[in-house]
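Reader: I should like a close look at a single part of this model, namely the open sheet and the helices that accompany it. Please set out how the strands are ordered and how the helices are placed.

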Amino acid sequence: MSDARILDTGYRRYTGPRLGPRHAVRSVVASTLRRILGLRRPARNKILPVLTIVFSYVPSIVFVGVVALLSRFDSQEVESLVPKYEDYYGFIISAIVLFVTFVAPEALCPDRRYRVLSLYLASPLTRMTYLLGKATAIFAVIAMVTVGPVLLLLLGLSLQGFGPDGFLGFMGTLGRVVGAGLMLAAFYTALTVGVASLTDRRAIAAAATLLLLIGSNIVANTLHFGLDAPDEWMLLSLTLAPFQLLRRIYGAPDFEFSMATSTVILANVAWIAFGAAIAVVRYRRLQVTR
Amino acid sequence: MPPVAVVRAEAASKRWGSTLALDGASFEIGKGITGLLGANGAGKTTLLGLVLGMHRPDGGKIEVLGQDPWTFGPQVRAAIGYSPEHDCLPPDVSAHDVVRHVAEIHGLPAREAQTRASDALYEVGLGEERMRPTGTMSTGQRQRVKLASAIAHDPAIVLLDEPTNGLDPVQREHMLHLIRHIGHDLGLDIVLSSHLLDEVERVSDGVVILDAGHVVRSGRLDELRATDTAELLVEVDRPGGEPGAGEQLAGALVAAGVAARPAGVDGRVVVALEGDVVYDLVRDTVDDLSLVLRRLERRRASLEDVYLSSSAPAEWSP
């Protein structure tokens, strides 16, 4: 007699556990990560995120490789070839800007354009927990290019004996690498979420973010260099303000501008609060159904 | 044990600017399928928004499964499945991924959500199509994906807002069949919002009729329709089976001074019941015309009668 059985695979009542709003937020984070990275979507959706991530890691891989090849020669010569951790961002700033302009619009705009938001808000999620889930995913993805490459550089160099001196030195640098990268990710997450919350068109949101980054730089430079405004006015630049704070996290000297660290921190906190406030106000007022 | 109210409203009001969308609505929605009937702009979608806790009532209160949806929004919404009136599916995501994600955010563990998304899509007839992006699907298929996403997490209540919008007659028939199946065979309580009277009448056990923000009638459909009209329904036939018996009887009754009209189906006549003598008159007229009497009964109200008597009282008052 055969052991084969016909199982009823149709719809049936569910008696298992029901997880709460935290699970819903986690699900939004996971789904948004998949969307941004193009997972479970056609190949064309994977091109931009994969290329950007690759570009941000390539310099790091190259430096670690060069050190591996030349490590048997003069160590001081080798060390001089590798940039300082705070200077590494100069190699990947384009990748970061590209990623920042693309990530939040991809995560936020389609939900409003195709009115998927009404499905989200008919679930245990609220407007704010939905936004929290989206922002967390955006933050995590941006952190992939602001923390990951420098962390790889630190680990690669340390494993070959070219890292910071001693365990405490390593942990201190690790803290700076992670802290500075997360700060950059938080800064650009707030900024781009704020911009993306104002339109439901991805292309417009991406262009607006890019214009804001470039435009703020032009305004700050015009005020400072053209109209002799004090150095602090350079903190209006959205590409300079977070990197001023980043250099201070690394304890790196700044010979170009003279500003108090408290002013730099305040400016960065203000930018983050401004971007987040735009998104919060926008989503609070958004009419989903009436 | 008294019947459990799934949704209860007491003098609930909601205003949008100068528009009073809901004006002191009081009703109870019980188990089974309940139609939320009203013309466009009657306040149906606003009421669904209040049930979901998306809006705070300006006055009165609403309870869903015994809880205030505005105060306990996440808990209440976890027990609700919702299919909005408008399109709400991301076009570049597969039907399965949409339904799975909606089930997950309603609290189902990832593995369960995965399985139940497939089951729900099979249930609505999209088993083979479930991996297709929703943007490549027809309107009817997308409506069914929305229905699947509303039931995948096994909610206590399913809210369907105009689920037959944009469907052709065949798709509409299929959708109504699905709603009946989900409500009666799977045992989910459904609130079906619609402006189509026959649709509500065909699938619903109960009805809440809205007119310009007011609840004009609500209750079990069989109770509302149980109200006898002041009319008789007579069904006659000719001995040989030839058509025209109804028209012949109606003509004879009118000639005898009684208001009568053919009822649309051959052989059926609706006669105004102006006293018990009308029964005798009908019997005698049928006999005089040598017709066969198949049926003679008080005509029960249809949902159309209930709706018209509720929403346009001026035309029906003496």
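Author: The account below begins with the sheet, moves to the helices that lie across it, and ends with a further helix and the contact between the chains.

The model is a predicted one. In chain B, six strands form an open sheet of mixed pairing, and their order is 5-6-7-3-8-9. The edges are occupied by strand 5 (80-83) and strand 9 (214-220) of chain B; each has a single partner strand, so one side of each is left without a neighbour in the sheet. From one strand to the next, the twist averages 15 degrees.

In general, strands of a sheet pair through backbone hydrogen bonds, in either a parallel or an antiparallel manner. At one edge, strand 5 of chain B pairs with strand 6 (residues 157-161) of chain B in the parallel sense, over four bridges. Within this pairing, Ile80(B) stands opposite Ile157(B), a residue of strand 6 of chain B.

Two helices lie across strands of this sheet. Helix 5 (residues 139-151) of chain B lies across strand 5 and strand 6 of chain B, and runs at about 170 degrees to strand 5 of chain B. Helix 6 (residues 169-185) of chain B lies across strand 3 (33-37), strand 6 and strand 7 (189-194) of chain B, with an angle of about 150 degrees to strand 7 of chain B.

Helix 10 (residues 277-288) of chain B may be described separately. This helix has twelve residues and reaches 16 Å from its first C-alpha to its last, close to the 16 Å expected at 1.5 Å a residue. Val278(B), Val282(B), Thr285(B) and Val286(B) of helix 10 are buried. Viewed down the axis of helix 10 of chain B, the buried residues fall within an arc of 100 degrees, so they line one face of the helix. An α-helix has 3.6 residues a turn, so residues three or four places apart point the same way. On the other side of helix 10 of chain B, the exposed residues are Val277(B), Asp280(B), Asp284(B), Asp287(B) and Asp288(B). Just after helix 10 of chain B, Ser290(B) takes a positive phi of about 60 degrees.

Finally, the contact between the chains takes 34 residues from chain A and 37 residues from chain B. On the side of chain A that touches chain B, helix 1 (21-37) and helix 5 (117-120) of chain A each supply at least two residues. Helix 1 of chain A gives the most to that side, with six residues. The residues of that side of chain A divide into 17 nonpolar, eleven polar and six charged.

Terms used. Residues are numbered from 1 along each chain as its sequence is written. Chains are lettered from A and ligands numbered from 1 in the order in which they are written. This is a predicted model: local features need pLDDT of at least 70, side-chain atom pairs count only at pLDDT 80 or more; totals for chains, interfaces and linings use all residues. Two residues are in contact if their C-beta atoms, placed from the backbone, lie within 7 Å. Ala, Val, Leu, Ile, Met, Phe, Trp, Tyr, Cys and Pro count as nonpolar, Asp, Glu, Lys and Arg as charged, and the others, Gly among them, as polar. Two strands pair if DSSP finds at least two bridges between them. Axes are lines fitted to C-alpha atoms, for helices over the stretch in contact, and angles run from 0 to 180 degrees between N-to-C directions. The expected span of a helix is 1.5 Å times one less than its number of residues. A residue is buried if 20 or more other C-beta atoms lie within 10 Å of its own, exposed if 12 or fewer, and partly exposed in between; C-beta atoms are placed from the backbone. The arc is that of the directions from the helix axis to the C-beta atoms.
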